[in-house]
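Please look through the following structure chain by chain, with the strands and helices displayed as a cartoon. The explanation after it can be followed with the model open.

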Amino acid sequence: MKKYIIIVMLISMVSCIKDLVIPFEKSDQTTVVNCLFSEDEDWQISLTRVKSFSDQTDPVVDDASVDIVAENNDTIHLKYKGEGIYYADKRPVKEIQYQIIIKANSKIITAKSSIPGSVNISSVKITNQRTTYFSNPNLSDYDVVPFSLNISASNQPTFVRFRFYSFNTDWGYKRYSVTEQTITTLREKGISEAFLQELSSLIGKSYNSFELNGLLLKIADKYQLTYYVYANIVNPEIKVTIVNYRSPDAFLEGMIFANSNLLSNVSRDTYNVLGEFNSSTEADLFVDYLPVLNKNGDTSYKEEYWLELVGMSEDYYKYEKSYIKQVVNLSNPFSSVVEVYSNIQNGVGIFAGYNRQMVHFYDY
Amino acid sequence: MRLFIILLVASLPFSLFAQQRHTVSGYITDSLTGERLYAANLSEQNTGIGTSTNRFGFFSLTFPEGSVTLKISFVGYEPQTKMISIKCDTLLAIALKSNNTLNEIVVKGNSSKTFFENDDLGHVKVSAKTLSKLPSLMGEKDVMKSLMILPGVQQGNEGSAGIFVRGGSPDQNLILLDDVPLYNVSHLFGFVSVFTPEAINSLDFYKGGFPARYGGRLSSVVDIRMKDGNKYKRETSINLGLISSQFTTEGPIKKGESSYLFSIRRTLLDLIFKGVAGIAQKNMDEKVTPAYSFNDINAKINLKLNKNNHLFWSFYSGNDKLAIDYSNHVTTIDGEENQNTNGSMHWGNVMSALKLNTQFNSRLFLNTTLSGSIFNYGNLFTGSNVVKRGENETKNAFSLEYQSQIRTIGLKTDVDIYGNSNQPFQFGLFMSASNYLPGEQQVGKNGQTDVFSSGEISSLDYGFYLDKRFELGKHFSIRTGLRNSFCSIRDERTYFAIEPRLSFTFKKSENASFQASYAVMTQAIHLLSNGNIGMPTDIWVPSTKIIHPETSAIFSLGYKQSIRPSLKLSVEGYYKTLDHVISFTEGNGLLDVDQNWEQKISTGKGRCWGAETDIKYSSSKFTSWAAYTLAWNERKFEEINQGRWYPYQYDRRHKIDLGIIYNLNKYWSATATWTYQSGAPATFSGLDFQGFPGNLKYRIQDFFTGNAIDNSRIQYYPKVNGIRLPAYHRMDLSLSKEWESYGKKHTLSISIYNVYSRQNPYLVFTKTKPDGSIGLKQFSLFPIIPSISYRISF
């Protein structure tokens, strides 16, 4: 009897986690507008609806009327091309305010924004080869390279976002793809049909080595291929092509830090530095030293250091900042929830302009 | 405002100079211990003229020359009747004899006093006698936990510290120990309060109708007084329990005049944790040793300097410490590695107060208090890693230290002037200087230390108050008060506040009365909490140039009736508004307190309203109570919920408390309590939408499961705190036996917390199920917990 009493007590004391039966809310049909526009791309917006966790896919809005009205009253009508995407073969122009007018589901949804004037960046100087940066929100040290630069803009105030990328000249020009020949050869080597069938879905696409490795490992794991088979039988059959341009997906995003009144990371995020300033100013930033550490003294290739600078409208800035905060806090059950900023009237999402530039500032 | 001034000026004791009237004054004490009795009642049998003793047991009554018959009564004591012939001012020393049980008093007395005394609506008095009869939880008779059975008072999440009164947050309770505010009043994450029952003399709790002498907080006042110590004989008590053990001794310094009290309490949980961890991991290379401990020290000295002057010295120190030690020893082919990590958090209060009671004459009583207090919160994480490869040894060490602190020195004077109306005119002056360190972090690595600090902020608070009750005929009375306070911050800004207090009482009959009250309160100190959990680690910050003091206005209306001497009923309604309440802006938390912490805080408004009712019954066999609260509690911040009102995290629509104390026989008594609160609101919609693809490229992981969270989705919250978690309820039982043998008193208590092991929600999180669908999980803290304690006193 005593034994049973003890067992019952132990069970009751450890079973502190249980399912909670609270039904998810059904989608309230709120329209989601996603449109970040710049001078480099044609008009394109995505219209969906808020999704319940119990739904598998985003419900798309396929019957909306979408118009973009410029401040000079020029109107661009966007056409529907499927999957909730509306487009026009025209590009926005910087520093002109646009209003989007969407008629959907008996509602009129609107938002306004413009592409800010360009931000100038100059005098990028690496001030030290390597140092340690302490991130206060993360309570961690990072190996970094400090550098400084000057930024200036015609718009007041100006909102910016910095990201850091490295480009490896050894594999950055190589593109990897799965071909019909790959499938045929692997079939001859006795690889399972189920694996090959899924592998066939990659035919016709090209990837950098990281991306392809990630995809292949996932499929190999799913069909229980040993690492030996993956490395020695599957990998050699992947076609390698050398290209003469830096493909955007060959840039690897690295960590970037700042902690000043002008520029800083948002909360515990380590991949975006956001800031706002009113005039020409000098900024101190720190970027990841890891690519150089991985290089381990190898002189046969270079690690190119690149900086992405996005000049953002204020709405984009608020959206980005709150989005990062929400994502970072999702991993912390003790924190309060964060609502992501939206400038959409009668809906959610974002309609905002930006400009973007890439600056190659150092080679290791 | 004009009405207040007229009433207050009118109350000045011009009648001090009236002719043919004489004053009877003195102290009422406990006949066995010499302890002064606060709020004991005196009344003249024929005229009904009466008063009650002040906080130091002093009274003053003025009568026309002649004979009077005084009736003296106090809950837990035998009433006395004294016939006095008054020809001049008379000094009386009245010693009341204690009854054996509380319940006997209830039946025999005329005042229909029951478990908690409440003469005014919104006010509860608990005497030392009553404290000993409180139901015990986990073997502890805890005054703060016992307040939670009152309507309008709720606890937050299970395991959270503090009480929530009429929609207020825990920082809005002014908790005084011998007139000194304490900042942290709980141990063991809210399970036990810092007040050792054996060292407590009485408690006053106000949730409305605040007297003007109290200020600095918005929602409630808990005024606790330590015992002075037994003036006649030495007494010692020892308590052994699973949660804590205590030793208390008190006795005379000079018999009948001066006394001392010393009490120490400590938990034994850390020793149990360490013992169990040591045995379980005896032969293991990897060891984890958790430990939690708390301690309290109370001391008091009561010195009679002369006939008119009494000096009291009070001291309290209480600390909590939570620690975890980790060590690992790894042996490899080419060497060995030793890892050590130690983490600890500690928090606590220290306070000391020197009080001088001066009785200038039979109508003028003055108390001056000089006090100092320190509240400290800190944590320290240290780690080292030593790798030995042959002759080579590399060491890495790091440390992280965090500290938050408040240091305060205060001086105040309270004056009671008794006129012919027999209700004292009270006024006082107060001043306190505080130094705040909201947060300072020191990060050390291999001997190098970086400091990140919010910087210290100094503030000076000062002001005065006036308070007077008027009896207007037999049925009507008004209590008026005015508190005027200044708060000067860092020489940058001075805030000025006028806080009127007003309450009307209409006594329909001896057993039934209506009451209405209005009070404005100001609070210059704020508590920054991290999310939904009230922890002792929350940060206290002062008002600054940017952050204004919080203010509240509360209006309450109530009716109470003694249906029979043993049966009391009260009904009360209230409406409260709050202004300048603060919160971290979305996504910011405690670790973000640095030089720019003021920028990470937003200010908003609150409104709370509700109705409360309770009914209490007492007989020689048992005491029982039932209380119900219906309440609404909302907040409004510009940056939250699109600037619309939303339910506050402690909004609980219904609260029910039921309890019974049953005296089985001369030795045994049993207690059963049941509490119910509607589910807490939470923000979880189960809705999301596609964020801008590829906007964020890094992985984040679920806190509990470690699974990757899809960061391309934006969680959509159409309403903040829009859902309700399951209701909170639990039942506690206790059984205790009291007996005497060889001149010693023994008490054995056996109690069970959460008898039916209700899993009350503490945290809620999402989890992906095996079939790919997303579900909600809840995490609970305290299941059924039995405990036992034994007390001996001699």
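The paragraphs below go through chain A, then chain B. The coordinates are those of a predicted model.

Chain A contains seven helices and 23 strands. Along the principal axes, its C-alpha atoms fill a box of roughly 75 × 65 × 50 Å. Of its 364 residues, 36% count as buried. Among the contacts in chain A with a separation of 6 or more, 69% are between residues 24 or more positions apart.

A convenient place to start in chain A is strand β23, residues 348–363. Strand β2 (residues 31–37) of chain A pairs with β23(A) in the parallel sense, over six bridges. Within that pairing, A:Phe37 has A:Gly353 as its bridge partner in β23(A). Strand β22 (residues 303–312) of chain A also joins β23(A), here through nine bridges and running antiparallel. For A:Tyr305, the bridge partner in β23(A) is A:Tyr362. β23(A) thus takes part in a parallel pairing with β2(A) and an antiparallel one with β22(A). As a general point, strands of a sheet pair through backbone hydrogen bonds, either parallel or antiparallel.

The helices offer a packing example. How are helix α2 and helix α3 of chain A oriented to each other? Helix α2 covers residues 180–188 and helix α3 covers residues 193–200; they pack at an angle of about 175°, and their axes are 10 Å apart. Angles over 145 degrees count as roughly antiparallel, and α2(A) and α3(A) are therefore roughly antiparallel to each other. On the α2(A) side the contact is made by A:Ile183, A:Leu186 and A:Arg187, and on the α3(A) side by A:Leu196, A:Leu199 and A:Ser200. By class, this contact has four nonpolar residues, one polar and one charged.

Next comes the nonpolar interior. In soluble globular proteins, nonpolar side chains tend to be buried together. The largest nonpolar core in this model has 79 residues, and A:Val33 and A:Leu285 are those with the most contacts inside it. Helix α7 of chain A, residues 314–330, gives the most to this core, with eight residues. Which residues does A:Leu285 touch, not counting residues up to four places away in sequence? They are A:Phe147, A:Phe162, A:Ile256, A:Phe257, A:Ala258, A:Leu263 and A:Val273.

Another core, separate from the one around A:Leu285, has 62 residues. Among its members are B:Tyr260, B:Ile406, B:Ile489 and B:Tyr650. These residues lead over to the other chain.

Chain B comes to five helices and 50 strands. It has 794 residues, of which 46% count as buried. Of the contacts in chain B with a separation of 6 or more, 65% are accounted for by residues 24 or more positions apart.

One sheet of chain B is open and has four strands, in the order β3-β2-β5-β6, with antiparallel pairing. Its edge strands are β3 (50–52) and β6 (80–86), each of which pairs on one side only. On average, neighbouring strands of this sheet are turned by 20° against each other, direction ignored. Inside the sheet, strand β2 (residues 41–44) and strand β5 (residues 66–73) of chain B run antiparallel and are joined by four bridges. B:Leu42 has B:Ile72 as its bridge partner in β5(B).

Further along chain B, strand β46 (residues 728–741) is joined to strand β39 (residues 668–677) by 10 bridges, and the two run antiparallel. In this pairing B:Trp674 stands opposite B:Met731 in β46(B). β46(B) also pairs with strand β47 (residues 744–753) of chain B in the antiparallel sense, over nine bridges. B:Ser741 stands opposite B:Lys744 in β47(B). β46(B) and β47(B) form a hairpin with two residues between them, and B:Tyr742 in the turn has a positive phi of about 50°.

The last stop is B:Arg644, in the loop between β36 (622–637) and β37 (646–647) of chain B. Is B:Arg644 buried or exposed? A residue counts as exposed if 12 or fewer other C-beta atoms lie within 10 Å of its own; B:Arg644 has 11 and is therefore exposed. B:Arg644 and B:Val720 are 76 residues apart in sequence, while their C-alpha atoms are 9.4 Å apart in space.

Technical notes. Residues are numbered from 1 along each chain as its sequence is written. Chains are lettered from A and ligands numbered from 1 in the order in which they are written. This is a predicted model: local features need pLDDT of at least 70, side-chain atom pairs count only at pLDDT 80 or more; totals for chains, interfaces and linings use all residues. A nonpolar core is a set of buried Ala, Val, Leu, Ile, Met, Phe, Trp, Tyr and Cys residues joined through C-beta atoms within 7 Å. A residue is buried if 20 or more other C-beta atoms lie within 10 Å of its own, exposed if 12 or fewer, and partly exposed in between; C-beta atoms are placed from the backbone. Two residues are in contact if their C-beta atoms, placed from the backbone, lie within 7 Å. Two strands pair if DSSP finds at least two bridges between them. Axes are lines fitted to C-alpha atoms, for helices over the stretch in contact, and angles run from 0 to 180 degrees between N-to-C directions. Angles under 35 degrees count as roughly parallel, over 145 as roughly antiparallel, 65 to 115 as roughly perpendicular and the rest as oblique. Ala, Val, Leu, Ile, Met, Phe, Trp, Tyr, Cys and Pro count as nonpolar, Asp, Glu, Lys and Arg as charged, and the others, Gly among them, as polar.
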